[in-house]
Amino acid sequence: MSWFTFDLARLGAKLGLISALRSLFSPATPSCASSSSHPTKRLEPKQQLHPTTSPKPTQPDPSKMSTSALQGTLSQLQTTPPPSPQKISSLLTTAKKQLLQLNALLPTPSTSPTLLHLSRQTLETGALLSIRLQDPDAFTRYFQQLLPFYELPSSNFKPAGDGQRSKVTGLYLLLLLTKGDYAGFHTELEGLEVEMGGARGQGLEQDRYIGYPVKLERWLMEGSYDRVWGAAKKEGVPSEEFAVFCEVLIGTIRSEIASCSEKAYPSLPIANAKNLLFLESEGSVVEFAQQRGWVVKDGRIYFPLQQGEEMRTEKEILVASGMLIENTIGYARELETIV
């Protein structure tokens, strides 16, 4: 009985020890479970919040936009040979949009020197290509857009320099001559003279591009149309863009000479009319005469009489010619006095 009691006591002790051990380690299991479930509860909100907290796509900042696209468009415009007229128009439209996106259509204090140079170069390219497209209105708009850039010191650009200002300005002066806008011509010229310290045209004439329209204007005032004709030939122009405007200028001069001839002469030999009107051949004279409504007969051109006029004698023709020359000289003197 004692032995059996002793075994029961030992068994009770073992059970007590096992129970104690269970009570000791049983909290660890829930703790591990809670610790394993804790990260899950923390990850779930993150996974749910991730789509809502991700940044939405925004428009790029124009001031920080890369200029590579504009440089690519400019490179296409400057290829040799130039693109087709339709392609040029499309590329120029794209270039203007890119300048607007870069906020560089007009210079600002925050515009970088590199972007200033690129913007001016783009507008100058557009101006020159507008002449190739024979669009003087577009050229005038580009010139007006370039004026704020031309007012800046050359050191504001990178690389430093005046770009193609001389060429574009010379072309604009020539355009004013073709329109007969002598007031605008002298206004623009006076502004250039002020920049050069009042060099009254002498310094400007030394410039290859600006000096060209300055000389033409002086010859026109003198009535030296033969000198204008010689300078307007292809080999006499500073660049091919000037040749486009020179053709228009010669056409204007030819029309003025034709109007004066109608008033001064009853008729002229075709050979004389060819030299007087700066035409290349007698066939060109006949074509021009037909456009003006003149009568071509027996190798002569007969001008229509003015309304109310009768057939004039040779003496009357000489008197009319003398008065015409005298009035022209007087007009030139008055202009020179004003200038």
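**Exercise 1. Describe the pairing between β1 and strand β3, and place both in their sheet.**

Solution.
Step 1. In this predicted model, β1 and strand β3 (residues 300-302) are joined by 3 bridges and run antiparallel to one another.
Step 2. One position within this region can be specified: P269 lies opposite R300 of β3.
Step 3. The sheet to which these strands belong is open, has 3 strands, and follows the order β1-β3-β2 with antiparallel pairing.
Step 4. Its edges are formed by β1 (267-269) and β2 (295-297), each of which pairs on one side only.
Step 5. On average, and with direction ignored, neighbouring strands of the sheet are turned by 25° against each other.

**Exercise 2. Determine whether the length of helix α4 agrees with the rise of 1.5 Å a residue.**

Solution.
Step 1. Helix α4 covers residues 85-101, that is, 17 residues.
Step 2. The expected span is 1.5 Å times one less than the number of residues, which for α4 gives 24 Å.
Step 3. The end C-alpha atoms of α4 are 25 Å apart, so the two values agree.
Step 4. After α4 comes N103, with a positive phi near 55°.

**Exercise 3. Establish which residues of α4 are buried and which elements cover them.**

Solution.
Step 1. Taking buried as under 20% relative accessible area, the buried residues in α4 are I88, L91, L92, A95, Q98 and L99.
Step 2. These residues lie on the same side of α4, because the arc they cover around the axis is only 125°.
Step 3. Q86, K97 and L100, on the other side of α4, are exposed.
Step 4. The cover over the buried residues of α4 includes α3 (68-77), α5 (113-132) and α6 (136-150).

**Exercise 4. Assess the span of α5 and how far this helix is enclosed.**

Solution.
Step 1. The 20 residues of α5 reach 29 Å from first to last C-alpha, close to an expected 28 Å.
Step 2. Of those 20 residues, 15 are buried; α5 is therefore largely enclosed by the rest of the structure.
Step 3. Q134 follows α5 and has a positive phi, near 55°.

**Exercise 5. Summarise the protein as a whole in terms of elements, burial, contacts and surface.**

Solution.
Step 1. The protein contains 15 helices and 3 strands.
Step 2. Of its 339 residues, 32% count as buried.
Step 3. Among contacts between residues at least 6 apart in sequence, 64% join residues at least 24 apart.
Step 4. The accessible surface is about 21,400 Å², and carbon and sulfur atoms account for 57% of it.

Technical notes. Residues numbered from 1 in each chain as written. Predicted model: local features only at pLDDT ≥ 70, side-chain atom pairs only at ≥ 80, totals over all residues. Heavy atoms only, no water. Pairing = 2+ DSSP bridges. Helix = DSSP H or I, 4+ residues; strand = E, 2+ residues; numbered from the N terminus. Axes fitted to C-alpha atoms, helices over the stretch in contact; angles between N-to-C directions. Buried < 20%, exposed > 50% of the residue type's maximum accessible area, 1.4 Å probe, protein only. Arc of directions from axis to C-beta. Contact = heavy atoms within 4.5 Å. Areas by Shrake-Rupley, 256 points an atom, 1.4 Å probe, with all protein chains shown as cover.
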